[in-house]
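Please read the following report alongside the sequence and the coordinates, with attention to ring geometry, one helix and one loop residue.

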Amino acid sequence: MTALFEPFTLRELTIPNRVWMPPMCQYSAAPEGPETGVPTDWHFAHYAARATGGTGLIIVEATAVSPQGRISPYDLGIWNDTQVEAFRRITRFLTAQGTVPAIQLAHAGRKASTDRPWKGGAPVGPDEHGWDAVAPSPLAFDDRHPAPAELTTGQIEDVVGQFAAAARRARSAGFEIAEIHGAHGYLINEFLSPHSNHRTDAYGGSYENRTRFALEVVDAVREVWPDDKPLFFRISATEWLDDGGWTADDTVRFAADLRAHGVDLLDVSSGGNASGVPIPTTPGYQVPFAARVRNETSLPVAAVGLITDVEQAEKILANGEADAVLLGRELLRNPSWARHAARELGGEVRVPDQYHRSV
């Protein structure tokens, strides 16, 4: 059996192959009214196409745990029961295709309240469905963003509770895996990094203090997430800063902490918390960070970042650099990448009955 098409078991859940889809925001939900944050026909068609294409695991895009936690007014949310019911349509279909449905639970922090990327992605105000952003410290992400309000300790506790409530709803919606978004300069990443966290209380300063909020979120989610279901954590392994930021060494240390707190897999990305930082984006450029975590800790990892070629993906797994590969833009270009890869490698992937033809 090829590495790409070997099943992978975490806790009591088996994922049929190692071709996974990472969270990629679609910015296609209603910005106001009773349908705010509710998945639409676009979301259903988008995820359904990748499921029928043989993708083993689909992680639904960053889904906000509160209205204030959205990246844009057009983001998905999971803070009410209307959203839960709409998600059930998606999870039922993915499950019927043999694809494991997962969801990324997120809070955008100081990078919240922005327009859709194809509209420029600039911060938006109340007249454009916007709101005031919050963060560990009142430091703006860049010159375009306003300074966020600094969270009080009471507000931090509230956000932890919002993640737990979102996890309960995610399970009710039919998701088999929850992923906590701790990467790309959003709220949890902002707490982790000394670049964005200048607090002097129990949530800032030392490594132990800066990781406190993230671990509190993990503990709160793990407490309500079923024991037989996996919990993922997405991390920016480095901020690509010469000094003053979160580093690969921090990531390896934190991976051990996450495992001790019940995380089953680290989804390894990078960057996003510092504006204007050059990132050497070459094919598989983030894979070495995943490989290091896997080699230096006992925590399984998934690799992401310009993984496009079948042979490249197979080699990453065969060499022990990761336990799974996450294909983002490539799955946008080719929803049936997994089926094509299986044909090339001689692996097996489920093909919908409707696609079988005798001639």
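The report below treats aromatic rings, then a helix and its surroundings, and then a serine in a loop, all in a predicted model.

**Aromatic rings and charges**

A pair of aromatic rings is described by the distance of the centres and the angle of the planes. The structure holds 11 aromatic pairs. In one of them, the ring centres of Trp246 and Phe254 are 5.8 Å apart and the planes meet at 85 degrees, so this pair is classed as edge-to-face, given that an angle over 60 degrees is what that class requires. Both partners are buried: Trp246 has a relative accessibility of 2%, and Phe254 has a value of 0%. Ring pairs also join Trp246 and Phe254 with Tyr207 and Phe233 into a cluster. Tyr207, a member of this cluster, has in addition the charged end of Arg253 over its ring, and a comparable arrangement places Lys111 over the face of Phe141. The distances for these two cases are set out here.

| Charged residue | Ring | Distance from ring centre |
|---|---|---|
| Lys111 | Phe141 | 4.6 Å |
| Arg253 | Tyr207 | 3.7 Å |

**Helix α2**

Helix α2 runs over residues 81-96, and because its 16 residues should span 22 Å at 1.5 Å a residue, the distance of 23 Å between its end C-alpha atoms agrees with expectation. At the N-terminal end, Asn80 acts as a cap, with a side-chain oxygen that lies 3.1 Å from the backbone nitrogen of Thr82. Just after the helix, Gly98 adopts a positive phi of about 85 degrees. The buried residues of α2 are Gln83, Val84, Phe87, Ile90, Thr91 and Leu94, and the elements that cover them include the helices α1 (41-52) and α3 (153-172) as well as the strands β4 (57-64), β5 (76-77) and β6 (100-106).

**Ser196 in its loop**

Where is Ser196 found, and is this residue buried or exposed? Ser196 belongs to the loop between α4 (187-192) and α5 (207-210), and its relative accessible area of 1% means that it counts as buried, since the cut-off for that class is under 20%. The side chain of Ser196 reaches the backbone oxygen of Glu190 at 2.8 Å. When neighbours within four places in sequence are left aside, the residues in contact with Ser196 are Arg110, Pro136, Ser137, Leu139, Asn189, Glu190 and Asn273, so that Glu190 appears both in this set of contacts and as the partner of the serine side chain, with the burial of Ser196 resting on the 1% value.

Methods: Residues are numbered from 1 along each chain as its sequence is written. This is a predicted model: local features need pLDDT of at least 70, side-chain atom pairs count only at pLDDT 80 or more; totals for chains, interfaces and linings use all residues. Side-chain values use heavy atoms; hydrogens and water are left out. Rings of Phe, Tyr and Trp (its six-membered ring) pair if their centres lie within 6.5 Å; planes under 30 degrees apart count as stacked, over 60 as edge-to-face and the rest as tilted. Buried means under 20% relative accessible area, exposed over 50%, partly exposed in between (1.4 Å probe, protein chains only). A charge sits over a ring if NZ of Lys or CZ of Arg is within 6 Å of the ring centre and within 35 degrees of the ring normal. Helices (H or I, at least four residues) and strands (E, at least two) are DSSP runs, numbered from the N terminus. The expected span of a helix is 1.5 Å times one less than its number of residues. Contact means heavy atoms within 4.5 Å. A polar contact is a pair of N or O atoms within 3.5 Å; within protein, one must be able to donate a hydrogen and the other to accept it, and residues adjacent in sequence count only if both atoms are side-chain atoms.
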